[in-house]
Amino acid sequence: MKTHFTRKNFIVLSCVFFYLVITAFCALCLDAKSSIVRDGNPIQLIAKAFGFTLVSINLATGVLCAMLGIYTLLFAAALIYETRLAKYYGEKANSLKWLGIYVITFVVCYGLAIGIGVIAHIPVDATALGYSFSFCLQAFLIGLIIFIFAAALVLFALLLILNIKNYGKPYKWFGPKVEKAELDEKLQERIEENKQIEQGLLAAAFGDVKAQGVAHTTESNTNSSTSANSSLENNYNLVKERVFPGLCKIDTIHEIVLQEDFANDINLATLCEQFRNYLASHERLYYDMPTIRAFVAGLSASRLIILEGLSGTGKSSIARYFSDFINEKSFFVPVQATWRDRTSVLGFFNDFSKTYNETEFLKHLYEATYRARHVNIMVLDEMNISRIEYYFADFLSIMEYPMNDWVLKIMQLPYDFEAPLHLEDGELHIPETTWFIGTANKDDSTYTITDKVYDRAIVISFSDRNEPFQVVGKSDPITLSYDYLMELYNHAQKDEDNRLNGADIAKFKTITDQIYDSFDLTFGNRIMNQIELFVPTFVACGGTKEEALDFMLARKVLIKLDGRFEEYVKKGLEELLKLIKKTYGKGNFALSQELIERLLKRF
């Protein structure tokens with residue numbers, strides 16, 4: 001149901017316009033001193049028969065009549081539009097709500113018409129105004145009578161022409177009667193038949209052998225049933241490859257032998273140091289060690305890493321070259337401002353071409369299902385140029401589940417359709433080897449990242465330009481398997497020396513309790529689980545527990561105070577800064593202290 005006018009609506013408006021033309025002609029004939037039509041014309045005779053008194057009109061009376069005619073046409077158009085608007089919203093056009101709207105429209109239209117007519121009579125003379133309204137009433141009434149008479153003549157003329165044209169044919173009213181129930185049944189049968197045909201054509205486009213057999217038999221009755229079925233069996237896989245050409249191509253080349261000579265003699269601390277040296281010596285990119293440790297440890301705590309900061313600070317580079325360093329190839333996709341839903345990432349089925357529009361993102365994710373031992377890093381460049389919660393919503397939800405339940409519903413496949421090998425029932429299992437890394441600029445061209453996204457991700461901030469340093473030690477790339485990387489993470493997280501003990505938790509709880517009391521800010525089990533995974537891995541990378549807790553406090557909790565300028569916030573930040581220095585000492589928790597001082601400068 002759409003709101004634009006239909007042919008029926010224009011027919012109604014044409015009838016109203018025709019009636020107004022007749023009314024205008026009647027008004028011209030009713031003028032007692034008209035110089036255009038003669039006195040005593042048939043319209044005047046009809047008026048006298050009704051006992052109307054003929055009057056002479058002036059310009060003011062003409063304006064009143066014209067305004068009543070114009071606003072009558074406008075009211076008819078508005079009424080038709082409003083009734084269609086009611087149906088568009090699924091409401092009853094005769095409900096009290098819409099009846100009230102019709103009344104308001106009527107009052108507005110005729111109020112304006114009468115108001116303009118009265119203004120034309122200034123200075124207002126009650127007698128002259130009364131004559132004008134009387135004249136308009138006569139014109140509209142006689143116009144209605146003539147319009148009905150003319151409409152009846154046209155109707156009877158059409159009936160006459162129709163009956164002459166169909167002379168000799170039986171009239172349907174006198175033919176065999178068909179009960180309404182029987183008509184409804186036949187109509188329902190036709191609807192079901194059409195529905196089955198449409199479903200058959202859709203299934204045939206997808207590769208349903210039985211449906212193709214039906215379609216083939218319908219289109220070509222001359223071929224035998226045996227030859228039709230044989231042809232369908234030969235074309236079965238061709239249909240699958242037409243619907244999912246990219247995924248099927250991946251299926252055909254997955255047997256290529258991949259590099260399996262992985263390194264298994266490196267620890268996390270060496271990994272971080274060698275990666276930093278690799279960036280400096282091979283790419284002339286210089287990062288401080290805490291940033292490298294946070295990146296590597298962050299991979300153990302979340303499958304979503306966000307690298308945010310100003311443009312040109314090396315966010316994209318660290319994601320790209322980590323894959324190169326471990327002898328893999330990361331996948332880069334630039335996020336577009338037009339991305340509004342999952343189809344921008346995962347594609348969609350095109351009803352017109354009967355093929356699935358596969359995105360490069362989907363094809364790379366599908367290809368990763370064949371690389372069970374290889375780390376798969378997928379980078380969303382400038383991910384906040386569109387709202388992350390819109391196009392990435394499915395992944396944000398799925399990553400909350402156990403890895404066995406990381407299943408994406410790509411599309412509903414027809415029955416008996418042979419899908420690509422790793423697209424069972426139209427579902428794709430996200431490989432557990434996958435990490436999503438998003439880069440985010442902080443400027444006026446981007447959207448603010450919400451807490452929903454922040455809470456699920458490990459966020460690393462790039463705000464300063466790092467100075468070059470002299471490379472000492474190994475800087476060669478390595479070949480690292482997913483299995484061995486997870487083994488390193490698991491070993492680090494099980495090491496009691498790396499984990500938070502009771503004293504560590506008690507000290508940190510002092511800070512978090514102060515934050516809750518001052519700002520009503522807390523974090524749930526999700527962030528606490530991330531801390532329990534991140535801290536021991538960060539320590540195994542060569543850092544300290546205090547540095548890891550400082551990073552998580554600054555990036556997961558205190559960052560939520562950015563943009564709040566209430567008076568109590570300033571006082572709370574000052575007290576929190578004193579508590580951190582008292583609890584951990586002046587030299588520790590540098591990130592949190594720096595962030596608090598930067599927030600205080602804004603007051």
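In the predicted model, four residues of helix H21, namely Asp-550, Phe-551, Leu-553 and Ala-554, are in contact with Ala-590, Leu-591, Ser-592 and Leu-595 of helix H23. Sorted by class, the residues in the contact of H21 with H23 comprise six nonpolar, one polar and one charged. Helix H21 spans residues 545-556 and helix H23 spans residues 590-601. The axes of H21 and H23 lie 7 Å apart and form an angle of about 30°. Because angles under 35 degrees count as roughly parallel, H21 is described as roughly parallel to H23.

Charged side chains were examined next. Side chains of opposite charge can pair when their charged atoms come close. In this model, the count of salt bridges comes to 13.

One of these salt bridges joins the side chains of Asp-504 and Lys-545, with an N to O distance of 3.1 Å. Asp-504 belongs to helix H19 (residues 502-519), whereas Lys-545 belongs to helix H21; the two residues are 41 positions apart, and the pair thus links distant parts of the chain. Both Asp-504 and Lys-545 are buried. In addition, Glu-308, Lys-442 and Arg-555 are joined into one network by salt bridges that share partners.

A further salt bridge is formed by Glu-400 and Arg-456, whose closest N and O atoms are 3.7 Å apart. Glu-400 is located in the loop between helix H16 (393-398) and strand E6 (407-409), and Arg-456 is located in helix H17 (residues 451-456), so this pair ties together parts of the chain that are 56 residues apart in sequence. The two partners fall into separate accessibility classes. The relative accessibility of Glu-400 is 39%, and this residue therefore counts as partly exposed. Arg-456 has a relative accessible area of 18% and is buried, because the buried class covers values under 20%.

The side chains of Lys-97 and Glu-91 also meet in a salt bridge, at 3.3 Å from N to O. Lys-97 is partly exposed, with a relative accessible area of 48%. Glu-91 is likewise partly exposed, its relative accessible area being 32%.

Taken together, these results describe a helix pair and a set of charged contacts. Helix H21 appears in both parts of the description: H21 packs with H23, and Lys-545 in H21 pairs with Asp-504 in H19.

How values were computed. Residues are numbered from 1 along each chain as its sequence is written. This is a predicted model: local features need pLDDT of at least 70, side-chain atom pairs count only at pLDDT 80 or more; totals for chains, interfaces and linings use all residues. Side-chain values use heavy atoms; hydrogens and water are left out. Axes are lines fitted to C-alpha atoms, for helices over the stretch in contact, and angles run from 0 to 180 degrees between N-to-C directions. Angles under 35 degrees count as roughly parallel, over 145 as roughly antiparallel, 65 to 115 as roughly perpendicular and the rest as oblique. Contact means heavy atoms within 4.5 Å. Ala, Val, Leu, Ile, Met, Phe, Trp, Tyr, Cys and Pro count as nonpolar, Asp, Glu, Lys and Arg as charged, and the others, Gly among them, as polar. A salt bridge is a side-chain nitrogen of Lys or Arg within 4 Å of a carboxyl oxygen of Asp or Glu. Buried means under 20% relative accessible area, exposed over 50%, partly exposed in between (1.4 Å probe, protein chains only).
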